[in-house]
Amino acid sequence: MSITVDPFSTPKPPRPAATVVLLRAAASGGPPAIFMLRRSARSPFMPDALVFPGGAVDPGDGPAGSDEAFVVAALRECQEEAGVDLGVRRLHWFDTWVTPSAEPRRYEARFFLADLAADEGADAVADGHETLEGRWASAADYLAQGEVGAVDLPPPTLCTLMRLADGRLDGLRTLTADEARAPLLPKAMLEAGPDGEDRIAVVLPHDPGYDALPGEGLPLPPRAADLPNRLVRVGNTWRVP
């Protein structure tokens, strides 16, 4: 997410996008490793952030707005950004996030899970243009890096990693397409931090202040009830206040 928000701006329509959480099974039977990429510092959207492979749906991916187009985009972006060809492997759609209406660049991103065996994914690599420094690590490792400011995890990414680190992967796998379809639409606002300086907060629909904030809003999808009410920007990272 960008660092400049205008809650009173005219919202731009979100562009369809797809994101893939690559899960590589651990040979020891522990938590799976997850492949992530650091976005280029020159990227106009989420520069320098650590993200899952993904990107916008292209017209050639399928009929506009169709479920098929999102899946094709997820497979294509995984190949283009991470060098991983998932072939006909089944993707499991488990979440949908929409960028707050105060943001100048907006996406409606569907999140998919893709399972790899312990001996797969060794050739995963960043494309060297939009993304850099591809890496495999557990969800807990990424969260620990975020806590010390070593990586910048955007709010949807942070929330997904929190779920995976807390052992909620099985629950994500049981979500149906109908349950994943309802978008989660946060609102963005400026609030005073402990030091008196303004900081950005991303407010989710179950936060008591959500309805009173300007900007587009939607009801909380039931699948998101376990997420924090809001996230705040502290330094160069997002945190749960």
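**Exercise 1. Classify Arg-76 as buried or exposed, then find its salt-bridge partner.**

Step 1. Arg-76 has a relative accessible area of 18%. Buried means under 20% relative accessible area, exposed over 50%, and partly exposed in between (1.4 Å probe, protein chains only). Arg-76 is therefore buried.

Step 2. This is a predicted model: local features need pLDDT of at least 70, side-chain atom pairs count only at pLDDT 80 or more, and totals for chains, interfaces and linings use all residues. Residues are numbered from 1 along each chain as its sequence is written, and side-chain values use heavy atoms, with hydrogens and water left out.

Step 3. A salt bridge is a side-chain nitrogen of Lys or Arg within 4 Å of a carboxyl oxygen of Asp or Glu. Arg-76 meets Asp-58 in such a bridge, at 3.4 Å, N to O. The two residues are 18 apart and link distant parts of the chain: Arg-76 sits in helix α1, Asp-58 in the loop between β4 (54-56) and α1 (67-82). Helices (H or I, at least four residues) and strands (E, at least two) are DSSP runs, numbered from the N terminus.

Step 4. Asp-58 is partly exposed, with a relative accessible area of 30%. Both residues belong to a salt-bridge network that also includes Arg-15, Asp-61, Glu-77 and Glu-80.

**Exercise 2. Work out which parts of the chain the Arg-163 to Asp-226 bridge ties together.**

Step 1. The side chains of Arg-163 and Asp-226 meet at 3.3 Å, N to O.

Step 2. Arg-163 lies in helix α3 (residues 155-165). Asp-226 lies in the loop between β9 (198-203) and β10 (230-234). The pair therefore ties together parts that are 63 residues apart in sequence.

Step 3. Compare the cover. Arg-163 is buried, at 2% relative accessibility. Asp-226 is partly exposed, at 36%.

**Exercise 3. Do the same for Arg-38 and Glu-133.**

Step 1. This salt bridge spans 2.9 Å, N to O.

Step 2. Arg-38 is in strand β2 (residues 33-39) and Glu-133 in strand β7 (residues 131-137), so the bridge joins parts 95 residues apart in sequence.

Step 3. Arg-38 is buried, at 19% relative accessible area. Glu-133 is partly exposed, at 44%.

**Exercise 4. Place Asp-207 and list its contacts beyond four places in sequence.**

Step 1. Asp-207 is in the loop between β9 and β10. Its relative accessible area is 9%, so Asp-207 is buried.

Step 2. Contact means heavy atoms within 4.5 Å. With neighbours within four places set aside, Asp-207 is in contact with Asn-229 and Arg-230.

Step 3. Now take Trp-136. Asp-207 and Trp-136 are 71 residues apart in sequence and 33 Å apart in space, C-alpha to C-alpha.

**Exercise 5. Describe the whole protein: elements, compactness, burial and charge.**

Step 1. Count the elements: five helices and 11 strands.

Step 2. The radius of gyration (over C-alpha atoms) is 17 Å. The globule rule, 2.2 Å times the number of residues to the power 0.38, gives 18 Å for 241 residues. The values are close, so the protein is as compact as a globular protein of that length.

Step 3. Buried residues make up 51% of the 241. Of the contacts with a separation of 6 or more, 67% are between residues 24 or more positions apart.

Step 4. There are 23 positive side chains (Lys and Arg) and 35 negative ones (Asp and Glu), with His and the chain ends not counted. The centres of the two sets lie 1 Å apart, with each charge placed at NZ of Lys, CZ of Arg, CG of Asp or CD of Glu. The salt bridges number 21.
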